[in-house]
Amino acid sequence: MNPSPAEPSHQPPPQTAPATVYEMRTLSTDAERAEAVALVQDRQRWLSVRGLPIPARADIPAQFRDPQSVPAGLFEEGVLLACMIPQRTPRHGWDQGPCLFLSCFHTLPGHGDNAVQLITLWASDFATRLSLPLVRAEVSARDPLHDDPITPFLRRVIDMGWNLRGTGTGQHGEPVARLELIADRRPGLRALIGCQVQTPQPAPA
């Protein structure tokens, strides 16, 4: 007896969750760290050509090569859009209180505002999951800020939710603008940004 042909299935195809568009993850391989170094160097050249300040007193690329550091990066379909070294600290040099500090934060030229907006969303949510109330970051800038070419950028990040906490000396000894963001739980964020970032190391004393 020959088997009869299989009846066509009328069941709907299985539903699969859509892949996240972006991913934040720890840069754990030599290749990823090298990509971060290249991004930092590209950003520093971009800033220099436009007469914008860069942290001249520190070798930022070397910090991404350092095996003791735990850098993280924002990826879009495998392309690195931003990199930083997240640090957890009970206090930061210019203010009291525990925070998630985004050290050595750089974005790929041509993707600055979009990458900063995504990092803003991720960092505020990540800090909450670490039971930290604040995110802090520094941007190389000259004082007074109203005469600095970076002023339009500062206005944009303030519109994204960051608070400007004045100016001072940065983590690497350069003049900076100080930025602070209130941590905020974002339950639906993982549909946009996947997160595979290790618990940050304590910031250097």
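## Close-up views of a predicted model

**Figure 1. The largest pocket has a volume of about 710 Å³.** Of its 36 lining residues, the ones closest to the centre are L47, F105, V139, I150 and F153. This is a predicted model, so please read each view with that in mind. Several elements contribute at least two residues each to the lining of this pocket: the helices α1 (30-49), α3 (112-129) and α4 (151-159), together with the strands β4 (99-107) and β5 (134-140). Which element gives the largest share of the lining? Strand β4 does, with 7 residues. Sorted by class, the lining holds 22 nonpolar residues, 9 polar ones and 5 charged ones.

**Figure 2. The whole protein, with 4 helices and 9 strands.** Here is a step back before the next close-ups. Starting at the N terminus, the order of elements is β-α-α-β-β-β-α-β-α-β-β-β-β. The protein has 205 residues, and 45% of them count as buried. Among contacts with a separation of 6 or more, 69% join residues that are 24 or more positions apart. The protein exposes about 11200 Å², and 53% of that area is supplied by carbon and sulfur atoms.

**Figure 3. The largest nonpolar core, a group of 48 residues.** The members that touch the most other members are M24, F64, L74, L100, L102, W122 and W162. Helix α3 gives the largest share of this core, with 8 residues. A good residue to follow in this view is F64. Setting aside neighbours within four places in sequence, F64 is in contact with R33, A36, V37, V40, S69, P71, C83, M84, I85 and C104.

**Figure 4. L118, a residue of helix α3.** Is L118 buried or exposed? Its relative accessibility is 5%, so L118 counts as buried. Beyond its neighbours within four places in sequence, L118 is in contact with Y22, L74, L192 and I193. One of these partners, L74, is also listed among the core residues that touch the most other members. To place L118 against another part of the chain, look for A82: the two are 36 residues apart in sequence, and their C-alpha atoms are 9.7 Å apart in space.

**Figure 5. L189, in the loop between β7 (175-182) and β8 (193-196).** Although L189 sits in a loop, it counts as buried because its relative accessibility is 10%, below the 20% cut-off. Which residues does L189 contact, leaving aside its neighbours within four places in sequence? The partners are L121, W122 and D125. W122 also appears among the core residues that touch the most other members. For D125, the C-alpha to C-alpha distance to L189 is 8.1 Å, with the two positions 64 residues apart in sequence numbering.

**Figure 6. T89, in strand β3 (residues 79-89).** With a relative accessibility of 6%, T89 counts as buried. Residues up to four places away in sequence are not counted here; beyond them, T89 touches G97, P98, C99, F101 and A203. Try picking out each of these partners around T89 in the view.

**Figure 7. A38, in helix α1.** How is A38 classed by accessibility? At 33% relative accessibility, A38 counts as partly exposed, because that value falls between the 20% and 50% cut-offs. A handy companion in this view is P61. A38 and P61 are 23 residues apart in sequence, and 8.0 Å separates them in space, C-alpha to C-alpha.

**Figure 8. E77 and S131, two loop residues with positive phi.** Most residues other than glycine have a negative phi. E77 is not a glycine, and yet its phi is positive, about 50°. E77 lies in the loop between β2 (72-76) and β3. At 77% relative accessibility, E77 counts as exposed. S131 also has a positive phi, near 60°, and is likewise a residue other than glycine. Where is S131 found? It is in the loop between α3 and β5. S131 is exposed too, with a relative accessible area of 64%.

Notes. Residues are numbered from 1 along each chain as its sequence is written. This is a predicted model: local features need pLDDT of at least 70, side-chain atom pairs count only at pLDDT 80 or more; totals for chains, interfaces and linings use all residues. Side-chain values use heavy atoms; hydrogens and water are left out. On a 1 Å grid over the protein atoms alone, a cavity is a set of points where a 1.4 Å probe fits but cannot get out, and a pocket is an open set with protein on both sides within 12 Å along at least five of seven lines; lining residues have an atom within 4 Å of a point. Grid points are joined across faces, edges and corners, and a volume is the space filled by probe spheres set on the points. Ala, Val, Leu, Ile, Met, Phe, Trp, Tyr, Cys and Pro count as nonpolar, Asp, Glu, Lys and Arg as charged, and the others, Gly among them, as polar. Buried means under 20% relative accessible area, exposed over 50%, partly exposed in between (1.4 Å probe, protein chains only). Contact means heavy atoms within 4.5 Å. Accessible areas come from the Shrake-Rupley method with a 1.4 Å probe; for residues, only the protein chains shown count as cover. A nonpolar core is a set of buried Ala, Val, Leu, Ile, Met, Phe, Trp, Tyr and Cys residues joined through side-chain atoms within 4.5 Å.
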